[in-house]
Amino acid sequence: RNFRLLQVDRSSEFSAIKNASDSGKPDTPQTALISLSRLHRKWLRAAGAPIPEDDGEQGLEAVCEISPLLTYRGEGLTEVAKTVDPAANPILLQ
């Protein structure tokens, strides 16, 4: 009967998928991909990758996916960040 509560930053910890991509509603697979890409670009910038800052136009930034086998929370990306091509789209790191 123990109750635990975690308060987290929703934008980096959660992105719902409740609707079809073509529904015209929020919370689609596409918006989840955008959220994940934004988080992974943030991790790479923090590790020193020359990726431009997000401009706020949702979905216009490069798709970026980092394998969970490479990092779980953005740790250990310093060496990999040196190899990232900022003009690449998508950025896929495995």
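The accessible surface of the chain comes to about 7,000 Å², and carbon and sulfur atoms hold 52% of that area (Shrake-Rupley method, 1.4 Å probe). This is a predicted model: local features need pLDDT of at least 70, side-chain atom pairs count only at pLDDT 80 or more, and totals for chains, interfaces and linings use all residues. Residues are numbered from 1 along each chain as its sequence is written, and side-chain values use heavy atoms, with hydrogens and water left out.

**Exercise 1. State how many helices and strands the chain has, and give their order.**

Step 1. Count the elements: there are 3 helices and 2 strands. Both are DSSP runs numbered from the N terminus: helices are H or I with at least four residues, strands are E with at least two.
Step 2. Read from the N terminus: the order is α-α-β-α-β.
Step 3. Add the extent: the C-alpha atoms fill a box of roughly 45 × 40 × 25 Å along the principal axes.

**Exercise 2. Place Thr28 and decide: buried or exposed?**

Step 1. Find the residue: Thr28 sits in the loop between helix 1 and helix 2.
Step 2. Check its relative accessible area: at 3%, Thr28 is buried. Buried means under 20%, exposed over 50%, partly exposed in between (1.4 Å probe, protein chains only).
Step 3. List its contacts (heavy atoms within 4.5 Å). Leaving aside neighbours within four places in sequence, Thr28 touches Ala16, Ile17, Asn19, Ala20, Ser21 and Ser23.
Step 4. Set this against the chain: 30% of its 94 residues count as buried.

**Exercise 3. Find the residues that touch the most other members of the largest nonpolar core.**

Step 1. Define the core: buried Ala, Val, Leu, Ile, Met, Phe, Trp, Tyr and Cys residues joined through side-chain atoms within 4.5 Å.
Step 2. Name the residues: of 15 in the core, Leu44, Val84, Ile91 and Leu93 touch the most other members.
Step 3. Trace the sources: helix 2 (29-46), strand 1 (64-66), helix 3 (78-81) and strand 2 (91-93) each supply at least two residues. Helix 2 gives the most, with 3.
Step 4. Follow Ile91: beyond its neighbours within four places in sequence, its contacts include Leu44, Ile51, Cys64 and Val84.

**Exercise 4. Work out how contacts divide by sequence separation.**

Step 1. Take the contacts in the chain with a separation of 6 or more.
Step 2. Pick out residues 24 or more positions apart: they account for 51% of those contacts.
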